[in-house]
Amino acid sequence: MATSGSFRNVIKVTTHVLQEMKLKGEKIAMLTAYDYSFARILDSTGIDVILVGDSASNVMAGHSSTLPITLNEMIYHGSSVVRAVKRALVVVDLPFGTYQGNSKEALNSAIRIMKECGADAVKLEGGKEILESVDRILSAGIPVMGHLGLTPQSIHKFGTYVVRATQPDEAAKLVEDAHLLENAGCFAIVLEKIPARLGGQVTSELRIPIIGIGAGSDVDGQVLVLHDMLGITLEFSPRFLRRYHTLSEEIRGSVTSYINDVKNLDFPNEKEQY
Ligand code: KIV
């Protein structure tokens with residue numbers, strides 16, 4: 001399957017390739033994946049970055065937030081994805097409770113992700129308050145992607161999933177945090193659910209790539225949760241979500257046909273048996 005762009009022929013996407021893409025003005029396409037089969041399909045399309053997001057807690061495990069997923073569970077998902085991927089950069093989320101407030105634990109968590117998954121990088125949510133953890137992980141040579149704006153691991157602090165940084169003080173803190181993360185050495189930052197104008201401002205002020213999810217079009221790339229954009233999950237419909245398919249309906253249709261075929265003695269037919 002063909003995609004346009006001068007980086008299409010890159011054999012392996014690295015953090016340096018993403019930096020070059022920003023410099024050349026080629027948008028970065030990123031999606032989540034949590035298992036081998038989907039990751040293999042995604043990688044064959046030429047997607048630039050695959051995020052093993054802690055949204056696995058919602059879409060794979062059925063929790064109402066990202067908080068319950070454990071480091072071992074993220075390692076299970078991450079290693080399944082890495083086994084499938086040859087080209088895309090694979091980033092794995094550090095889950096809630098494995099990096100906040102204790103930079104040594106943060107480093108141990110990141111090392112486990114890198115060693116046991118074979119991931120290319122880790123992603124952490126937050127700015128100034130997690131800077132010590134970011135510094136320590138980076139000092140071990142592990143690439144770090146930041147995540148600012150709506151940070152789902154802090155949902156109990158926010159109390160709601162509404163758009164973040166609409167007020168000047170929160171917007172100023174976000175810009176300050178983005179600079180702190182860049183200066184620390186992060187290779188990219190995800191900005192989630194913030195005003196488009198602010199997304200554009202951060203993108204033009206920073207040298208590293210900015211990947212948006214509900215952060216407008218003036219960013220360096222976009223990310224969506226795979227199960228949302230494919231229409232496997234239907235209950236989540238924020239404005240930023242473009243649904244490319246209603247796969248849940250297709251699956252329901254196929255399974256209903258199978259049930260009917262079994263019940264009507266139509267399956268298996270003569271050719272489908274030994
Ligand atoms: O966990 C996740 O899927 C994410 C994306 C929403 C960026 O962090």
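## Helix 6: two sides

On one side of helix 6, Glu132 and Ser139 are exposed. The other residues to look at in this predicted model are the buried ones of the helix, which spans residues 131-139: Leu131, Ser133, Val134, Ile137 and Leu138. Viewed down the axis of helix 6, these buried residues fall within an arc of 160 degrees, so they line one face of the helix. There is a simple geometric background to this: an α-helix has 3.6 residues a turn, so residues three or four places apart point the same way.

What covers that buried face? The cover over the buried residues of helix 6 includes two helices and two strands, namely helix 5 (103-117), helix 8 (168-184), strand 4 (121-123) and strand 5 (144-149). If you follow the chain onward, helix 6 is followed by Gly141, with a positive phi near 85 degrees.

## Salt bridges in and around helix 8

Now for the charged side chains. The salt-bridge count for this model comes to ten. One of them lies within helix 8, where the side chains of Asp177 and Lys173 meet. The N to O distance for this pair is 2.6 Å, and the two residues are four apart in the helix, about one turn. Which partner is buried and which is partly exposed? Asp177 is the buried one, with a relative accessible area of 5%, whereas Lys173 is partly exposed at 37%.

A second salt bridge joins the side chains of Glu170 and Arg164, at 3.1 Å from N to O. Here Glu170 is partly exposed, with 28% relative accessibility, while Arg164 is buried at 12%. Because the limit for a buried residue is under 20% relative accessible area, Arg164 at 12% falls in that class and Glu170 at 28% does not.

## Helix 11 and a charged pair

Helix 11 covers residues 247-263, and it offers another pair to inspect. The side chains of Glu249 and Arg252 form a salt bridge with an N to O distance of 3.9 Å. The two residues are three apart in helix 11, which means that about one helical turn separates them. Glu249 is partly exposed, with a relative accessible area of 45%, and Arg252 is exposed at 54%. Elsewhere, salt bridges that share partners link Glu129, Lys173 and Asp177 into one network, so the helix 8 pair described above belongs to that network.

## A nonpolar patch and the segment after helix 11

Which residues make the nonpolar surface patch of about 520 Å²? They are Ile251, Val255, Tyr258, Ile259, Val262 and Phe267. Among them, Ile259 is found in helix 11 and is partly exposed, with a relative accessible area of 39%.

Phe267 also takes part in a backbone feature that deserves a look: the peptide bond from Phe267 to Pro268 is cis, with omega near -5 degrees. Pro268 is in the segment after helix 11, and so is Leu265. Leu265 has a positive phi near 60 degrees, in a residue other than glycine, and it is exposed, with a relative accessible area of 74%. For context, most residues other than glycine have a negative phi, and most peptide bonds are trans. Lys193 is one more non-glycine residue with a positive phi, near 50 degrees; its place is the loop between strand 6 (188-192) and helix 9 (196-205).

## Val225 and its distant partners

Where is Val225 found? Its position is the loop between strand 8 (221-224) and helix 10 (226-229). Val225 counts as buried, at 15% relative accessibility. In sequence, Val225 and Leu31 are 194 residues apart, yet their C-alpha atoms are 6.0 Å apart in space. Setting aside neighbours within four places in sequence, the contacts of Val225 are Thr32, Tyr34, Ser55 and Val59.

## Two domains

Finally, the overall division. The protein is split into domain 1 (15-243) and domain 2 (246-274). How far apart are the C-alpha centres of domain 1 and domain 2? The distance is 39 Å. The contact between them takes four residues from domain 1 and four residues from domain 2.

Conventions: Residues numbered from 1 in each chain as written. Predicted model: local features only at pLDDT ≥ 70, side-chain atom pairs only at ≥ 80, totals over all residues. Heavy atoms only, no water. Buried < 20%, exposed > 50% of the residue type's maximum accessible area, 1.4 Å probe, protein only. Arc of directions from axis to C-beta. Contact = heavy atoms within 4.5 Å. Patch = residues over 30% accessible without salt bridge, like charges linked within 9 Å, V, L, I, M, F, W, Y side chains within 5 Å. Areas by Shrake-Rupley, 256 points an atom, 1.4 Å probe, with all protein chains shown as cover. Salt bridge = Lys/Arg side-chain N within 4 Å of Asp/Glu carboxyl O. Domains from an automatic or database assignment.
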